[in-house]
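Please open the structure in your viewer and keep the selection tool at hand. The tour below proceeds stop by stop, stating at each one what to select and what is found there.

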Amino acid sequence: MTVLFVDVSGFTSLSERPDPEDVHGLMNRAFDLMLAEVHRYQGTVNQFLGDGIMALFGAPIAHEDHAQRAVHTALGIRKALEDYQGELWSRWGIIFQVWQGLNTGLVVVGSIGNDLVLC
């Protein structure tokens with residue numbers, strides 16, 4: 001399995017200029033762009049991490065080329081967000097960049113424990 005992490009660089013300072021509603025809207029648009037790339041390569045977003053995402057490739061949908069799919073996704077996200085950056089600069093004068101990280105290896109996927117509490 002390969003895991004892709006994407007995190008917005010300097011989110012706190014980025015969010016100081018626009019109104020909170022505008023920050024919410026710009027992050028929703030950024031997430032839509034990221035999700036489109038993850039889904040294009042049949043990845044699964046496992047978590048939204050406030051100003052970023054964690055996406056899985058190779059689980060729950062098994063693909064032997066999971067690492068390649070994750071790399072293509074990361075490059076696609078970079079391209080999509082570069083285009084989006086132009087819109088944000090012209091509207092608010094802010095720079096929108098992300099950090100991305102990939103990790104690949106063997107994992108065991110499944111639930112551990114039981115969160116069902118019986119009284």
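Begin by selecting Pro-60, which is found in the loop between β3 and α3. A cis peptide bond joins Ala-59 and Pro-60, with omega at about 0°. Please bear in mind throughout that this is a predicted model.

**The whole chain**

Now display the entire protein as a cartoon. It has three helices and four strands, and along the sequence these follow the pattern β-α-α-β-β-α-β. The C-alpha atoms fill a box of roughly 45 × 45 × 20 Å, taken along the principal axes. Of the 119 residues in the protein, buried ones make up 36%. Among the contacts with a separation of 6 or more, 66% are accounted for by residues 24 or more positions apart.

**Helix α2**

Select residues 20-40, which form α2. How far apart should the ends of this helix lie? At 1.5 Å a residue, the 21 residues of α2 should span 30 Å, and the end C-alpha atoms are 30 Å apart, which agrees.

Next, colour the buried residues of α2: Val-23, Leu-26, Met-27, Ala-30, Phe-31, Leu-33, Met-34, Leu-35, Glu-37 and Val-38. A general rule is useful when viewing such a list. An α-helix has 3.6 residues a turn, so residues three or four places apart point the same way. The elements that cover the buried residues of α2 include β1, α1 (11-14), β2, β3, α3 and β4.

Move to the residue Gln-42, which follows α2 and is found in the loop between α2 and β2. Its phi is near 60°, a positive value in a residue other than glycine. Is Gln-42 buried, partly exposed or exposed? At 40% relative accessibility, Gln-42 counts as partly exposed, because the range for that class lies between 20% and 50%.

**Helix α3**

Select residues 66-92 to show helix α3. This helix has 27 residues and reaches 37 Å from its first C-alpha to its last, close to the 39 Å expected at 1.5 Å a residue. The buried residues of α3 are His-66, Arg-69, Ala-70, Thr-73, Ala-74, Gly-76, Ile-77, Ala-80, Leu-81, Tyr-84, Gln-85 and Leu-88. Show the surrounding elements as well: the cover over these buried residues includes β1 (2-8), α2 (20-40), β3 (52-57) and β4 (98-104). Just after α3, Gly-93 takes a positive phi of about 70°.

Within helix α3, pause at Arg-69. With a relative accessible area of 18%, Arg-69 is buried, because the cut-off for that class is under 20%. Which residues does Arg-69 touch, leaving aside its neighbours within four places in sequence? Arg-69 is in contact with Tyr-41, Gln-42, Phe-57 and His-63. Gln-42, the partly exposed residue of the earlier stop, thus appears again among the contacts of Arg-69.

**The aromatic pairs**

Display the aromatic side chains as sticks. The count comes to two aromatic pairs. In one of them, the rings of Phe-31 and Phe-48 have their centres 5.1 Å apart and their planes at 80°, so the pair is edge-to-face. This pair links distant parts of the chain, with Phe-31 in helix α2 and Phe-48 in strand β2 (residues 44-48), 17 residues apart. At 10% relative accessibility Phe-31 counts as buried, whereas Phe-48, at 48%, counts as partly exposed.

Turn next to Tyr-84 and Phe-96. Their ring centres are 5.9 Å apart and their planes are at 70°, so this pair is edge-to-face. Tyr-84 lies in helix α3 and Phe-96 in the loop between α3 and β4, so the pair ties together parts that are twelve residues apart in sequence. Both Tyr-84 and Phe-96 are buried.

Keep Tyr-84 selected and add Arg-29. The charged end of Arg-29 sits over the ring of Tyr-84, 6.0 Å from its centre.

**The largest pocket**

For the final stop, select Arg-78, Leu-81, Glu-82, Gln-85, Phe-96, Gln-97, Val-98 and Gln-100, which line the largest pocket. Its volume is about 250 Å³. Which elements give two or more residues to the lining? They are α3 and β4. The largest share of the lining, four residues, comes from α3. Phe-96, whose ring pairs with that of Tyr-84, is one of the lining residues.

Conventions: Residues are numbered from 1 along each chain as its sequence is written. Side-chain values use heavy atoms; hydrogens and water are left out. The expected span of a helix is 1.5 Å times one less than its number of residues. Buried means under 20% relative accessible area, exposed over 50%, partly exposed in between (1.4 Å probe, protein chains only). Contact means heavy atoms within 4.5 Å. Rings of Phe, Tyr and Trp (its six-membered ring) pair if their centres lie within 6.5 Å; planes under 30 degrees apart count as stacked, over 60 as edge-to-face and the rest as tilted. A charge sits over a ring if NZ of Lys or CZ of Arg is within 6 Å of the ring centre and within 35 degrees of the ring normal. On a 1 Å grid over the protein atoms alone, a cavity is a set of points where a 1.4 Å probe fits but cannot get out, and a pocket is an open set with protein on both sides within 12 Å along at least five of seven lines; lining residues have an atom within 4 Å of a point. Grid points are joined across faces, edges and corners, and a volume is the space filled by probe spheres set on the points.
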